[in-house]
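Student: I want to test the labels on this model, one by one. Can we start with the sequence and the structure side by side?

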Amino acid sequence: MKQFDITGMSCAACSARVEKAVSGVEGVTSCSVNLLTNSMGVDGTADNAAIIAAVESAGYGASEKGTAPTADARGDASSDRETPVLKKRLIYSAAFLAVLMYFSMGHSMLGWPVPAFFAKNHIAMGLLQLLLAAAVMAINQKFFINGFKGLVHRAPNMDTLVALGSAASFGWSVYVLFMMTQAQLDGDSAQVTAYMHDFYFESAAMILTLITVGKMLEARSKGRTTDALKGLMSLAPETATLIKNGAEVTVPAKDVQKGDIFVVRPGESIPVDGIITEGDTAVNEAALTGESIPTDKTVGDTVSAATINQTGFIKCEATRVGEDTTLSRIIKMVGDAAATKAPIAKLADKVSGVFVPGVIIIAVLTTLVWLLLGRELSFALARGISVLVISCPCALGLATPVAVMVGSSVGAKNGILFKTAVSLENTGKTEIAVLDKTGTVTRGEPEVTDILPMGGHDADSLLALAVSLEKKSEHPLARAVIDAAAQRHIVPDEVTDFKALPGSGLTAKLKGNTLIGGSLRFIGENIKLDEKAKKRAKSLAQKGRTPLLFAKNGRLAGIIAVADVIKDDSAQAVKELQNMGIRVIMLTGDNENTAAAIGAQAGVDEVIAGVMPDGKENVVQQLKKRGRVAMVGDGINDAPALTSADMGIAIGAGADIAIDAADIVLMKSSLSDVPAAIRLSRAVLKNIKQNLFWAFFYNIIGIPLAAGVFIGLFGWKLNPMFGAAAMSLSSFFVVTNALRLNLLNIHDSSHDKPIKPTKQQEEETMTKTMTIEGMMCGHCEARVKKVLEALPQVDKAEVSHTAGTAVLTLNAPVDDAVLKKTVEDQDYKVTGIA
């Protein structure tokens with residue numbers, strides 16, 4: 001996506017106009033304009049010059065992201081440059097307005113003293129008010145320049161409404177001043193005094209000042225919405241200490257190249273991503289993951305830019321620099337999310353496109369209707385001006401982007417990255433969560449879970465025997481035994497005649513003793529095992545653990561069980577998802593026993609085992625027929641399923657290809673961040689709906705009130721000044737409401753509620769997907785299809801031996817046990833039913 005900075009936009013009508021102009025450029029496939037950040041994202045093959053020309057032809061300015069003169073050296077487009085300018089304008093405007101209000105309303109309504117010259121000379125009083133109002137208009141000339149520029153380009157905007165309202169008040173007052181002068185010349189002092197009450201100079205100035213107040217509050221609040229993003233940008237250190245020719249050299253962090261060796265002392269920030277080549281330390285990664293507990297790091301471990309080295313001196317090799325660092329990628333993701341549009345914003349966009357012209361027409365009609373009803377011109381004009389200045393397209397345009405920006409920033413602070421506004425909106429609508437087992441539900445690294453000594457051995461002597469044998473093995477399970485021994489400070493003995501034998505077994509000599517180790521089958525073939533030992537080994541296998549048996553001189557020394565254990569927060573995360581009304585399914589390529597054991601520990605609703613990588617995508621496709629699916633995974637083999645799901649969620653510690661394929665990235669690799677992401681998404685969507693309701697409700701009530709619709713019913717009449725005040729506060733309300741998201745605790749599950757099923761979901765045909773092992777050809781498919789369709793509850797069975805699945809269309813509920821027995825009676829194995 002190409003990014004551009006846009007200048008000159010003041011409301012939703014402006015952003016709609018720019019979007020329409022750029023969308024018409026040949027080669028542009030999609031365009032999204034963000035009023036909050038004054039930016040635009042464009043997809044397609046169109047030339048940048050053509051895109052910029054289209055924006056300029058619409059009456060606005062454009063430049064490639066980061067190339068505008070206002071961008072600082074670090075490309076910080078999120079800096080708040082608007083507020084200081086508006087504050088200065090407001091101070092000058094308020095100073096002139098205070099004097100104007102004193103003479104116009106303070107004297108005439110409250111009797112405040114004024115110099116005798118003005119008290120006796122009404123024309124001089126009128127001229128003074130004209131000059132003071134003109135000064136305020138000159139200070140706020142930007143409203144008139146942008147407003148009338150929009151009219152010239154046939155793209156009226158909020159500034160057009162303000163300019164027309166203020167100009168109409170000023171123009172009418174000038175006309176009244178001329179009439180007053182004529183009355184003075186005619187000697188009609190009573191008429192001169194009457195004309196004093198028809199001045200609207202103070203309204204012309206007050207409208208501009210109040211709108212400036214609203215603009216400043218809005219700009220200040222908008223600046224706060226990007227605080228988290230600015231905080232991330234400020235984390236990156238300015239300098240790095242490199243090792244060159246054996247000496248330390250300090251250079252700007254941006255000059256570090258891939259492969260450079262850099263050092264980091266305790267308390268310093270790490271300048272770029274790298275791998276530790278020397279030293280041990282604890283690194284505070286809270287800036288990237290939100291996790292406050294430091295992570296221990298040693299040689300071979302990775303470190304990320306902007307994290308803080310807390311305890312030890314380390315030497316690292318740079319692996320990712322510049323825009324490739326983890327920090328830069330996070331900033332880009334947050335920025336890209338803000339540059340895209342949420343689907344819910346479409347209604348506001350459609351309304352914004354016709355809003356301002358519609359308001360101008362309503363204002364003109366209001367004035368004409370009151371004149372036709374016999375009211376004086378000043379009264380009718382006041383109603384028309386009130387319609388112009390109370391109408392607020394800004395609130396409509398800001399309702400969605402401010403919530404998206406704050407929501408994305410809150411997610412980033414907690415290590416949850418939404419790539420687009422669409423993913424931020426739709427994640428909360430998840431109905432089925434599909435979890436990959438290895439590395440997602442489990443830690444992804446085998447650990448020793450049970451040590452069962454036998455034959456006179458204790459736990460330490462059994463582990464010493466096992467680690468002496470396993471230390472020369474390259475099998476993944478050997479690492480678990482070695483780590484367990486290290487934790488107990490057990491030093492392995494040196495063995496001789498080590499051999500790794502076919503059939504999952506090891507053998508070696510230790511001080512004249514013969515050691516063997518391996519699977520239950522391998523040990524059973526080499527020594528005599530009693531029934532008790534066999535039962536214990538099988539019991540461990542049924543729990544999803546791998547039993548490793550060890551023997552010394554033909555006698556069983558004991559059993560050590562190894563398993564990929566579930567993460568500490570997996571069970572709680574699953575429970576939270578279920579409390580949200582989400583069905584949780586665990587998907588894995590492991591055997592049924594292991595998968596069932598892990599699934600039971602995690603508490604998932606359903607387990608689908610024995611699924612090959614290409615089969616995962618097929619299962620996700622079938623599950624999508626039952627509801628909106630979020631797939632959570634970390635491996636390369638999860639990438640197709642992540643892409644296929646309605647929402648792909650990648651565990652951050654996983655493969656880059658999985659992260660690239662996903663819509664959301666969890667930096668902490670914690671499953672509890674999945675319900676947190678859904679919780680945040682729901683809160684953002686709720687906030688957007690509140691903002692849109694306010695924006696529509698405000699205009700639906702405010703415009704009729706300003707037009708005088710309620711005068712006959714309740715006597716309600718709106719002064720243009722109060723209309724301007726209401727307009728200025730409406731956008732401020734929307735932005736402030738979005739800022740409340742910063743107070744959200746996304747890990748608090750106390751307010752979770754299930755989502756209501758959609759009408760489509762309720763009416764959807766019942767389907768089930770069976771995962772089947774053993775089908776080898778088309779004849780197998782036909783056999784399974786025949787027996788399944790013979791069941792009265794099954795209308796149709798779509799069977800695939802390549803995917804290893806059978807998708808059933810049901811006319812009535814059927815027990816999973818019945819389906820399983822039906823297939824397994826044909827000598828095939830059912831590993832899962834979803």
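**Labels and cut-offs**

Student: Why is Trp694 called partly exposed?
Tutor: Trp694 has a relative accessible area of 24%. Buried needs under 20% and exposed over 50%, so partly exposed is the label in between. Keep in mind that the model is predicted.

Student: What is the label for Tyr698, buried or exposed, and why?
Tutor: The relative accessible area of Tyr698 is 8%. The limit for buried is under 20%, so Tyr698 is buried.

Student: How do you know that Phe693 is exposed? And what makes Phe697 partly exposed?
Tutor: Phe693 has 57% relative accessibility, so it passes the 50% mark and counts as exposed. Phe697 has 38%, between the two limits, so it counts as partly exposed.

Student: Why is the pair of Trp694 and Tyr698 called tilted?
Tutor: Their ring centres are 5.8 Å apart, and the limit for a pair is within 6.5 Å, so they pair. The planes meet at 35°; stacked needs under 30 degrees and edge-to-face over 60, so the pair is tilted. Both residues are in helix H27, four residues apart, about one helical turn. Together with Phe733 they form one aromatic cluster.

Student: How many aromatic pairs are there? And what makes the pair of Phe693 and Phe697 stacked?
Tutor: The count is eight aromatic pairs. For Phe693 and Phe697, the centres are 5.5 Å apart and the planes differ by 15°. That angle is under 30 degrees, so the pair is stacked. Phe693 and Phe697 also lie in helix H27 (residues 673-707), four residues apart.

Student: What makes the contact of Lys437 and Asp564 a salt bridge?
Tutor: Their closest N and O atoms are 3.9 Å apart. The cut-off is within 4 Å, so the pair qualifies. This pair links distant parts of the chain, 127 residues apart. Lys437 is in helix H17 (residues 437-441), and Asp564 is in the loop between strand S21 (555-563) and helix H22 (570-579).

Student: Are Lys437 and Asp564 buried or exposed, and how do you know?
Tutor: Lys437 has a relative accessible area of 3%, and Asp564 has 14%. Each value is under 20%, so both are buried.

Student: Why does Asp273 have no salt bridge?
Tutor: The nearest side chain of opposite charge, Arg320, is 4.5 Å away. A salt bridge needs a distance within 4 Å, so Asp273 has none. Asp273 is buried all the same. It lies in strand S8 (residues 273-278), and its side chain reaches the backbone nitrogen of Ala305 at 2.8 Å.

Student: How many salt bridges are there, and what makes Glu531 and Lys534 one of them?
Tutor: The count is 24 salt bridges. The closest N and O atoms of Glu531 and Lys534 are 3.7 Å apart, within 4 Å, so the pair counts. Both are in helix H21 (residues 531-542), three residues apart. Elsewhere, salt bridges that share partners join Arg443, Glu447 and Asp568 into one network.

Student: How do you know that Cys780 is in no disulfide?
Tutor: A search of the whole structure finds zero disulfides. For Cys780, the nearest cysteine sulfur, that of Cys777, is 3.8 Å away. A disulfide needs sulfur atoms within 2.5 Å, so Cys780 is in none. Cys780 has 10% relative accessibility, under 20%, so it counts as buried.

Student: What stands out about phi in Asn245 and Asp827?
Tutor: Phi of Asn245 is near 55°, a positive value. Asp827 has a positive phi of about 75°. Neither residue is a glycine. Most residues other than glycine have a negative phi. Asn245 is in the loop between strand S5 (239-244) and strand S6 (247-252). Asp827 is in the loop between helix H32 (816-824) and strand S30 (829-833).

Student: Why do both count as exposed?
Tutor: Asn245 has a relative accessible area of 86%, and Asp827 has 67%. Exposed means over 50%, so both get that label.

Methods
Residues numbered from 1 in each chain as written. Predicted model: local features only at pLDDT ≥ 70, side-chain atom pairs only at ≥ 80, totals over all residues. Heavy atoms only, no water. Buried < 20%, exposed > 50% of the residue type's maximum accessible area, 1.4 Å probe, protein only. Helix = DSSP H or I, 4+ residues; strand = E, 2+ residues; numbered from the N terminus. Lys, Arg positive; Asp, Glu negative; His and termini not counted. Polar contact = N/O pair within 3.5 Å; in protein donor to acceptor, adjacent residues only side chain to side chain. Phe/Tyr/Trp six-rings, centres within 6.5 Å; stacked < 30°, edge-to-face > 60°.
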